[in-house]
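This report concerns the charged side chains of one protein chain and a backbone feature in one of its loops. The sequence and structure are shown first.

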Amino acid sequence: MPVTISISDAFDGGNGKLLKQQANPNDSSMIDVFLHIKPDVYTELEEIVHMQYFSFRASLNGLPEQGKQKVNYVVSNAHRASYPQAWPGTTVFYSNDVEDPDSWKRVQDTFYTQGNLSWEFEHD
């Protein structure tokens, strides 16, 4: 059974939409997951729609016990963010246990190229 990834933003502050997933053309052991940031609600005071932050849960299905899966996450509309200049050098946070405040860590290596924000993560 191939590994599939589910993306959810159905929680307080969640903001991410799964577009597609596919095998990485350069690394057969990696899955590419393409996401979009959803825009915030229009604000009458500022008369604009903001779009900057994202937060989502990724769940892997079909991962064998003791198995690992490399995933390349790509936010393909990062260039449309309210402040895309913030992406170069940014980091992303992750946790394997959101109930444990000490479990949060950073992925230091993110890449902002051709309007896409991407990073790799190995799920286990």
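## Salt bridges and charged surface

In this predicted model, Asp-124 and Lys-68 form a salt bridge in which the closest N and O atoms are 3.6 Å apart. Because Asp-124 lies in the segment after E9 and Lys-68 in the loop between E4 and E5, the pair ties together parts that are 56 residues apart in sequence. Asp-124 counts as exposed, at 65% relative accessibility, whereas Lys-68 counts as partly exposed at 49%.

The count of salt bridges comes to three. They are listed below with their N to O distances.

| Salt bridge | N to O distance |
|---|---|
| Asp-124 with Lys-68 | 3.6 Å |
| Lys-38 with Asp-9 | 2.7 Å |
| Asp-27 with Lys-70 | 2.8 Å |

The pair of Lys-38 and Asp-9 links distant parts of the chain, 29 residues apart: Lys-38 is in the loop between strand E3 (30–36) and strand E4 (57–61), and Asp-9 in the loop between strand E1 (4–8) and strand E2 (17–23). Lys-38 is partly exposed, with a relative accessible area of 33%; Asp-9, at 18%, counts as buried because the limit for that class is under 20%.

Asp-27, in the loop between E2 and E3, and Lys-70, in strand E5 (residues 69–75), are 43 residues apart. Asp-27 counts as partly exposed at 21% relative accessibility, and Lys-70 likewise at 29%.

Asp-97, Glu-99, Asp-100 and Asp-102 form a negative surface patch. Of these, Asp-100 is found in the loop between strand E6 (92–94) and strand E7 (105–107).

Gln-114, in the loop between strand E8 (110–113) and strand E9 (116–123), is not a glycine, yet has a positive phi of about 50°. Most residues other than glycine have a negative phi. Gln-114 counts as exposed, at 80% relative accessibility.

Conventions
Residues numbered from 1 in each chain as written. Predicted model: local features only at pLDDT ≥ 70, side-chain atom pairs only at ≥ 80, totals over all residues. Heavy atoms only, no water. Patch = residues over 30% accessible without salt bridge, like charges linked within 9 Å, V, L, I, M, F, W, Y side chains within 5 Å. Areas by Shrake-Rupley, 256 points an atom, 1.4 Å probe, with all protein chains shown as cover. Salt bridge = Lys/Arg side-chain N within 4 Å of Asp/Glu carboxyl O. Lys, Arg positive; Asp, Glu negative; His and termini not counted. Charge placed at Lys NZ, Arg CZ, Asp CG, Glu CD. Helix = DSSP H or I, 4+ residues; strand = E, 2+ residues; numbered from the N terminus. Buried < 20%, exposed > 50% of the residue type's maximum accessible area, 1.4 Å probe, protein only.
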